[in-house]
Structure formats: structure tokens, C-alpha cells
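Me: I'd like a close look at one part of this protein, the main nonpolar core. Could you walk me through what builds it, and then place it in the rest of the chain?

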Amino acid sequence: MPRPIARVLTLLELLQSGGIRTTAGLAERLGVDERTVRRYIDHLLDLDVPVESVRGRHGGYRLAPGYRMPPLMLTDDEALAVLLGLLAARRAGLTTAMGTASETAAAKIRRVLPQRLAGRLDSMSDSLTFTARPGEAVPSDSTVLLSITDAVRHRRPIAIRYTAADGRHSERTVHPYGVVAHAGKWYLNAADLTADDDRTFRLDRITEIRTLPGSFEPPAGLDPAKRVLTALATAPYRYEVTLRVQGNAEEIDARLPAGVAVVRELSSDPGDANLESERWCLVDLRVERLDWLPAVLASLDMPFLIERPDELRVLVVELAEHLARSARRASTGGG
């Protein structure tokens with residue numbers, strides 16, 4: 001690569017590191033005089049790179065926002081971080097409507113990586129495994145995502161067109177509180193002014209969005225993630241499960257899958273004289289299947305009572321008997 005072109009790219013990399021760079025400082029880093037620096041700046045401007053001149057005692061040059069993204073200069077570690085981020089996003093299922101965008105972005109970076117780094121990346125990809133299965137991606141329109149997050153940040157009300165799970169269409173005016181990513185999906189927690197209630201909306205079901213005039217003040221102590229998980233845990237499913245578990249709410253909540261349970265501390269024990277009078281919690285779950293719950297309850301390692309449904313009690317007894325039989329077989333075999 002001719003030296004002037006290499007220096008222009010180095011200049012771009014220096015500007016992309018942030019802040020204002022003085023002409024003298026740039027000249028020193030590039031090994032040229034200040035007049036040459038100004039000529040290199042002109043080359044970047046010719047390429048539509050938005051370089052801004054800052055006047056004054058501490059003036060110099062900096063990058064300004066442009067109408068398009070300029071060529072991006074990344075260090076080896078930065079390129080690796082971006083590729084790992086794209087890989088993690090695909091594994092989590094957090095993609096936009098442009099589902100191939102992450103793949104094409106990764107391919108572009110991968111094509112221009114130095115061979116030594118590309119080899120290291122191949123080694124990492126071949127060696128890397130995940131403990132969880134890939135998330136089931138539910139694409140969301142990137143325009144919707146960006147528009148809503150902008151409204152959240154600036155506390156602007158929005159009008160949305162929404163399609164419910166049963167296919168019904170509606171138009172709603174909401175105060176957007178926060179956007180939450182969970183289990184491969186994007187959710188909006190908002191105050192639904194149309195229904196006068198707090199609601200959770202899936203972003204992939206929002207087809208239109210319009211920012212409205214005015215602003216709003218979110219509630220004090222707002223936790224959008226907790227609100228979304230609570231909404232998911234209380235959504236209507238086939239089975240309604242109610243348990244009483246001995247322990248504090250924080251420990252119980254941490255041991256249950258996120259978004260499936262609502263845990264509330266009780267002021268007294270459940271009234272069973274055979275159990276010690278200690279702190280108990282009421283746990284409500286809404287689930288489509290019960291077969292996975294006995295193993296989860298066993299993993300809690302806490303005393304519990306099943307209030308409903310009776311089918312769950314049967315499954316727990318069956319699991320306990322199966323484990324006991326297996327334990328006896330292992331003991332006999334070892335003798």
C-alpha cells in the first residue's frame with residue numbers, strides 16, 4: 001500500500017478513537033508536517049468522511065456524525081469483540097427484521113481480518129461450545145426497535161398498531177417505559193393509555209409506530225425487566241400452579257427460570273403443624289406443561305407444599321419413586 005494511503009487510513013483510525021486531535025499531534029503521530037495533515041484531511045472529506053474542524057486554542061479535528069457510516073478502523077481486539085458479540089446475539093435469538101444483517105456484517109469483518117487473527121478466530125469457533133441451546137429468533141423490525149428506544153429515552157408518547165397473539169389488530173397510545181430482551185424476543189413495557197393499564201407488547205407484533213407530541217414522567221422506582229417477567233409469568237396458560245415454598249423470595253426467585261413465576265413472601269407459615277414456623281413464600285406459575293416442574297422443585301432444595309394442581313403432586317411422587325428405585329439399584333450393584 002502506498003505510504004500516503006496508509007497514512008490517511010491511520011489518520012482515520014486516530015480520529016475514530018474519539019476526542020479532538022490537534023494538527024500538531026496528528027503530524028507527530030503520522031510522521032509528516034502539518035500541511036500534509038491538512039491535505040490528508042481533505043482526502044477524507046472527499047470520501048464523505050465527516051471530519052469536523054474545531055477552532056480555538058484547543059482546536060483541531062474530530063469526527064462528526066454523517067449521513068452514512070464511514071469506513072471503520074478496528075484493532076484486532078475490537079474486531080474480535082464485534083464478532084463475538086454478533087455470535088452471541090445470534091445464539092440468543094436477538095435479531096432484527098433484517099435477519100441476515102448480522103451474518104453479512106460478520107462476513108465483511110471476517111474477510112478483511114489479518115490471516116494471523118483469522119486463524120485464531122477459526123480456532124476459537126471450533127473450540128467454543130455453549131451450555132444452552134440457541135435461542136428461537138423472533139425477528140423485530142429494526143426501525144420499530146430504534147423508534148421505540150428513542151421514545152423511551154426522551155419520554156415521548158407513541159401511537160402503535162399492534163397484532164395480538166389471536167390475530168386481532170388494534171391501535172394504541174402508550175407511554176413506553178423500557179425495552180427488554182428475553183429468551184430471543186424483544187418486549188416493550190408501557191402504560192397503555194387506551195386500556196388504562198400497564199401492558200407488555202412484543203416488538204415483532206408492532207407494525208406501525210408514530211411519535212406523538214408531549215412527554216410523560218415514568219413511575220418512581222420503575223423496573224421494566226421485572227414488569228415484563230411478571231407479565232410473562234402471569235399470562236394465561238394451560239395450567240395454573242400454586243406452591244408454598246419455605247425460604248425467602250430472593251432465593252426462590254433466583255432458582256426458578258426467569259419469566260415463569262411470581263414469588264410473594266407470606267407473613268406467616270402455611271398452617272401445617274408438622275412444619276417449622278419459618279418464612280414461607282407463595283409461588284404462582286402459569287405453564288403449558290407440568291412434566292418439567294418436578295425436577296425444578298427438587299432442585300430448589302427447600303420444603304414445599306403443592307396447592308394445585310393435583311396432577312403435579314402425582315408427577316412429583318412418581319419422580320421421587322423413580323429416584324429411590326434408581327438409588328437402590330446403584331446400591332445393590334455396588335455391593
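Reply: Sure. The largest nonpolar core holds 23 residues, and the ones with the most contacts inside it are V241, L243, I252, L256, V283, L285 and L312. Two or more residues come from each of β8 (239-246), α9 (249-255), β9 (261-265), β10 (280-287), α10 (293-300) and α11 (310-334). Keep in mind that this is a predicted model.

Let's start with V283. Not counting its neighbours within four places in sequence, V283 touches V241, T242, L243, V245, I252, L256, A261, V262 and V263. Of these partners, V241, L243, I252 and L256 are also on the list of residues with the most contacts inside the core.

Now for L312, which sits in helix α11. Is L312 buried or exposed? It counts as buried because its relative accessible area is 0%, and the cut-off for buried is under 20%. With neighbours within four places in sequence again left aside, L312 is in contact with V241, L243, L290, L293, P294, L297 and I306. So you'll meet V241 and L243 in the contact list of V283 and again in that of L312. As for W292, the C-alpha atoms of L312 and W292 lie 9.9 Å apart, with 20 residues of sequence separation.

There's a second core to look at too. Apart from the one above lies another, made of 16 residues, including L15, L26, Y40 and V51.

Stepping back, the protein chain has 11 helices and 11 strands. Of its 335 residues, 33% are buried. If you take contacts between residues at least 6 apart in sequence, 61% of them join residues at least 24 apart. The chain's accessible surface is about 20700 Å², and carbon and sulfur atoms account for 51% of that.

For a contrast with L312, go to L72, in the loop between β2 (60-63) and α4 (76-92). L72 is classed as exposed because its relative accessible area is 53%, and the cut-off there is over 50%. Together with L74 and V82, L72 makes a nonpolar surface patch of about 230 Å².

One last stop, if you're browsing the strands: β5 (residues 185-192) and β6 (residues 197-202) pair in the antiparallel sense over 6 bridges. N189 has T200 in β6 as its bridge partner. The two strands form a hairpin with 4 residues between them, and D196 in the turn has a positive phi of about 55°.

Methods:
Residues are numbered from 1 along each chain as its sequence is written. This is a predicted model: local features need pLDDT of at least 70, side-chain atom pairs count only at pLDDT 80 or more; totals for chains, interfaces and linings use all residues. Side-chain values use heavy atoms; hydrogens and water are left out. Patches are made of residues with over 30% relative accessible area and no salt bridge: like charges are joined within 9 Å, nonpolar side chains (Val, Leu, Ile, Met, Phe, Trp, Tyr) within 5 Å. Accessible areas come from the Shrake-Rupley method with a 1.4 Å probe; for residues, only the protein chains shown count as cover. A salt bridge is a side-chain nitrogen of Lys or Arg within 4 Å of a carboxyl oxygen of Asp or Glu. Buried means under 20% relative accessible area, exposed over 50%, partly exposed in between (1.4 Å probe, protein chains only). A nonpolar core is a set of buried Ala, Val, Leu, Ile, Met, Phe, Trp, Tyr and Cys residues joined through side-chain atoms within 4.5 Å. Contact means heavy atoms within 4.5 Å. Two strands pair if DSSP finds at least two bridges between them.
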